[in-house]
Amino acid sequence: MGGEPTTGLAKVMMPVPDPHPDVFDIEWPLRVADVDRAGRLKFDAATRHIQDIGSDQLREMGYEETHPLWIVRRTMVDLIRPIEFKDMLRLRRWCSGTSNRWCEMRVRVDGRKGGLMESEAFWININQETQGPARISDDFLEGLQRTTDINRLRWKAYLKAGSREDADEIRDYPVRVSDIDIFDHMNNSVYWSVVEDYLFKTPELLKAPLRVTIEHDAPVGLGDKLEIITHVHRPGTTDKFGAELSDRTVTTLTYAVGDETKAIASIFAL
């Protein structure tokens with residue numbers, strides 16, 4: 001990508017500090033429901049695994065009761081090499097940046113056959129009573145900071161909603177009962193099913209390493225009329241996404257309910 005940007009869509013993710021006692025390390029098999037028709041681990045399935053290892057690590061660290069509620073503002077996933085059906089997944093999770101109310105968590109997913117997906121997510125600790133950001137306890141924060149020097153992490157959106165007027169495509173995405181989770185919102189992994197739908201129509205994107213980023217602005221509920229607004233930004237028009245991306249195509253998907261933007265995704269080759 002050129003250079004070592006630490007923020008923005010083209011940021012270089014922190015490498016896994018291995019070996020390190022504070023990297024949570026777990027394995028489980030890749031199941032049939034996780035893969036597409038070609039046997040590739042799908043983005044929506046990968047993000048379910050990323051959510052699951054987060055819950056497992058929280059429980060392992062002993063903070064499941066005191067810090068039970070988190071929301072994700074952004075998830076960035078790199079598909080480096082496809083992970084294929086019947087492989088065994090090794091997932092490693094560690095903190096790559098903190099503030100006193102939120103943190104960024106890295107997850108590296110390796111297959112034994114050489115497949116690799118990398119991710120980083122911006123998580124906000126939520127107060128169950130106020131539903132607003134809550135302070136992370138000092139002892140929990142101390143544990144998170146053992147794998148990172150970044151302790152003044154700030155939120156900055158990388159993406160802006162696309163308009164309907166110049167869209168390449170607008171389509172409905174029906175929200176199903178099975179898409180709704182315990183918080184009465186469309187689960188985070190379902191947003192990645194939208195990405196998989198787009199990749200099915202553009203299989204050429206899967207021929208090279210790929211980065212997909214989703215930023216969440218507001219939840220989607222059952223009964224919402226969700227539309228996906230697609231824009232394909234050609235090389236030479238993409239410097240607005242960062243100078244490092246001016247030479248490549250960037251596709252954005254805006255998740256909209258009426259005039260309200262719920263989330264925005266970007267897709268581009270690494």
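Colleague: Let's start with Arg 108: what relative accessibility does this residue have in the model?
Modeller: Keep in mind that this is a predicted model, where local features need pLDDT of at least 70 and side-chain atom pairs count only at pLDDT 80 or more, while totals for chains, interfaces and linings use all residues. Residues are numbered from 1 along each chain as its sequence is written, and side-chain values use heavy atoms, with hydrogens and water left out. Buried means under 20% relative accessible area, exposed over 50% and partly exposed in between, with a 1.4 Å probe and protein chains only. Arg 108 counts as buried because its relative accessibility is 19%.

Colleague: Which residue meets Arg 108 in a salt bridge at 2.7 Å, N to O?
Modeller: The rule for a salt bridge is a side-chain nitrogen of Lys or Arg within 4 Å of a carboxyl oxygen of Asp or Glu. The partner here counts as buried, at 14% relative accessibility. The residue whose side chain meets Arg 108 at 2.7 Å is Asp 110.

Colleague: And how far apart are the closest N and O atoms of Glu 118 and Arg 108?
Modeller: Both of these residues are buried. The closest N and O atoms in the Glu 118 to Arg 108 salt bridge are separated by 3.0 Å.

Colleague: How many residues apart in sequence are the parts tied together by that Glu 118 and Arg 108 pair?
Modeller: Strands (E, at least two residues) and helices (H or I, at least four) are DSSP runs, numbered from the N terminus. Glu 118 sits in strand β5 (residues 116-125) and Arg 108 in strand β4 (residues 102-111), so the parts that the pair ties together have a sequence separation of 10 residues.

Colleague: Which residues are joined into one network through shared salt-bridge partners?
Modeller: The structure holds 29 salt bridges. Those that share partners here join Asp 18, Arg 92, Arg 106, Arg 108, Asp 110 and Glu 118.

Colleague: What about Arg 73 and Asp 217: how many residues apart in sequence are the parts they tie together?
Modeller: Their side chains meet in a salt bridge at 3.6 Å, N to O. Arg 73 is in strand β2 (residues 70-81), while Asp 217 is in the loop between β7 (210-216) and β8 (226-233), so the pair ties together parts with a sequence separation of 144 residues.

Colleague: How many salt bridges does the rule find across the interface of domain 1 and domain 2?
Modeller: The domain assignment, which is automatic or from a database, gives domain 1 (24-146) and domain 2 (169-269). Their contact (heavy atoms within 4.5 Å) takes 19 residues from domain 1 and 19 residues from domain 2. Buried area is the accessible area (1.4 Å probe) that two parts lose on being put together, summed over both; between these domains that comes to about 1,800 Å², with carbon and sulfur atoms giving 50%. As for salt bridges across the interface, the rule finds 4.

Colleague: Which helix gives the most to the largest nonpolar core?
Modeller: A nonpolar core is a set of buried Ala, Val, Leu, Ile, Met, Phe, Trp, Tyr and Cys residues joined through side-chain atoms within 4.5 Å. The largest one has 41 residues, and those with the most contacts inside it include Phe 43, Val 195 and Leu 253. At least three residues come from each of domain 1 and domain 2. With 7 residues, the helix that gives the most is α3.

Colleague: How many of the 14 residues of α3 are buried?
Modeller: Among the buried ones are Trp 192, Val 195, Glu 196 and Tyr 198. The helix is largely enclosed by the rest of the structure, because the number of its 14 residues that are buried is 10.

Colleague: What is the C-alpha to C-alpha distance between Met 186 and Gly 221?
Modeller: Met 186 has its place in the loop between β6 (169-172) and α3, and counts as buried at 2% relative accessibility. Among the residues Met 186 touches, not counting those up to four places away in sequence, are Val 175, Tyr 191 and Leu 226. Met 186 and Gly 221 are 35 residues apart in sequence, and their C-alpha distance is 5.9 Å.

Colleague: Last one: in which helix is Gln 57?
Modeller: Gln 57 counts as buried, at 5% relative accessibility. Beyond residues up to four places away in sequence, Gln 57 touches Asp 22, Phe 24, Arg 93 and Met 105. The helix that holds Gln 57 spans residues 43-61 and is α1.
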